[in-house]
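Subject: Structure handover

Hello,

Here is the structure for you to look through. My notes follow below it.

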Amino acid sequence: MKTARYRESNPPSPVELRKGSSSLLLRDKSRSNKVRRRKVAVFDIDGTIFRSSLLIELLEALILEGVFRANVRKTYARQYSRWHDRKDSYEKYIDAVVRAFDSHIKGVREKDFAPVADRVISFHRNRVYRYTRDLLKELKKKDYYLLAISHSPMYVVGRFGKRLGFNKVYGRLLELGADKRFTGKGIYEDLIFDKAKVLKRAVEKEHLTLRDSVGVGDTESDIPFLKIVEKPICFNPNAELYKAAKRNKWRVVVERKDMIYKMTNNR
Ligand SMILES: [Mg+2]
């Protein structure tokens, strides 16, 4: 079995580990030298940085370019209309998109799929929110270790995250068969669908610290990592996440048009 490309980005170099005054020092007994623990900032991608869903854009592009049949669109058209007409939730629409992708990716050749993913990112690479884009830049300057966790496929989030300067990106990994066609199965699904587990794993693997950590998400699937970080930010939250924000007194930030609203009623 061969796995899809873009598993994880490389760990930081020793130079990166030494950089930054904000880091904490610890003694690495196995190597008897000092290793700095960098602060971590964790971001969701779709709806938090990207002003759409990378999976939706990928699926639409696969249909437009003939990799998926056009009638695949029918399987999520109703949920799209119901969301578009504000009769049902965005989450139901996304769930229908995920089902459509998962049930049609089996048998597709990687060589037909990967160039479409490349073109999706080239086309949409700057379609980002100002607030999170600027926050990323600010945290990068402060030497935070930037971590992205997304449920969209790594073929798109890996490329998108790297362009934005993330140190490491976690997304869904698609299994490839020996014939270089997708099997329709995912790899490490239990890990990627638990964003708290992903964050804890990265903190341990990359020698990070949760002290002064920052987390930004837009839906309830981000709650597990928002509960762990010291500075959780609910950005353009959906109803479920907003409820959690009220309950936990988390910061809420909303961006509409060219305005950014920072809610002070929570904190
Ligand atoms: Mg999201």
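I begin with a hairpin. Strands S5 and S6 form it with five residues between them, and in it Lys180 takes a positive phi near 60°. Please keep in mind throughout that this is a predicted model.

The two strands of that hairpin, S5 and S6 (residues 182-187), run antiparallel and are joined by three bridges. One pair to look at is Leu173, whose bridge partner in S6 is Ile187. Eight of the nine residues of S5 are buried, so S5 is largely enclosed by the rest of the structure.

S5 (residues 168-176) also pairs with S4, here in the parallel sense and over four bridges. Two positions locate the register: Ala148 stands opposite Val169 in S5, and Pro153 has Arg172 in S5 as its bridge partner. S4 covers residues 145-153, and nine of its nine residues are buried, so S4 too is largely enclosed by the rest of the structure. From S4 the chain crosses through helix H7 (residues 154-163) to S5, a β-α-β crossover that is right-handed. S5 is thus a strand with two partners to inspect: S4 in the parallel sense and S6 in the antiparallel one.

The other item is a pair of helices, H3 (residues 74-84) and H4 (residues 90-104). Their axes come within 8 Å and cross at roughly 165°. Angles over 145 degrees count as roughly antiparallel, and that makes H3 roughly antiparallel to H4. The crossing of H3 past H4 is left-handed.

The residues that meet between these two helices are as follows:

- from H3: Thr75, Tyr76, Gln79, Tyr80 and Trp83
- from H4: Tyr90, Lys92, Tyr93, Ala96, Val97 and Ala100

Some totals for the chain as a whole. Its secondary structure comes to eleven helices and ten strands. The chain has 267 residues, of which 38% count as buried. Among contacts with a separation of 6 or more, 56% are between residues 24 or more positions apart.

If you want a place to start, display S4, H7 and S5 together and follow the right-handed crossover, then go on from S5 to S6 through the hairpin with Lys180.

Regards

Conventions: Residues numbered from 1 in each chain as written. Predicted model: local features only at pLDDT ≥ 70, side-chain atom pairs only at ≥ 80, totals over all residues. Buried ≥ 20, exposed ≤ 12 C-beta atoms within 10 Å, placed from the backbone. Pairing = 2+ DSSP bridges. Right-handed = clockwise from strand over helix to strand, strands pointing away. Contact = placed C-beta atoms within 7 Å. Axes fitted to C-alpha atoms, helices over the stretch in contact; angles between N-to-C directions. Parallel < 35°, antiparallel > 145°, perpendicular 65-115°, else oblique. Left-handed = near helix turned anticlockwise from the far one by under 90°.
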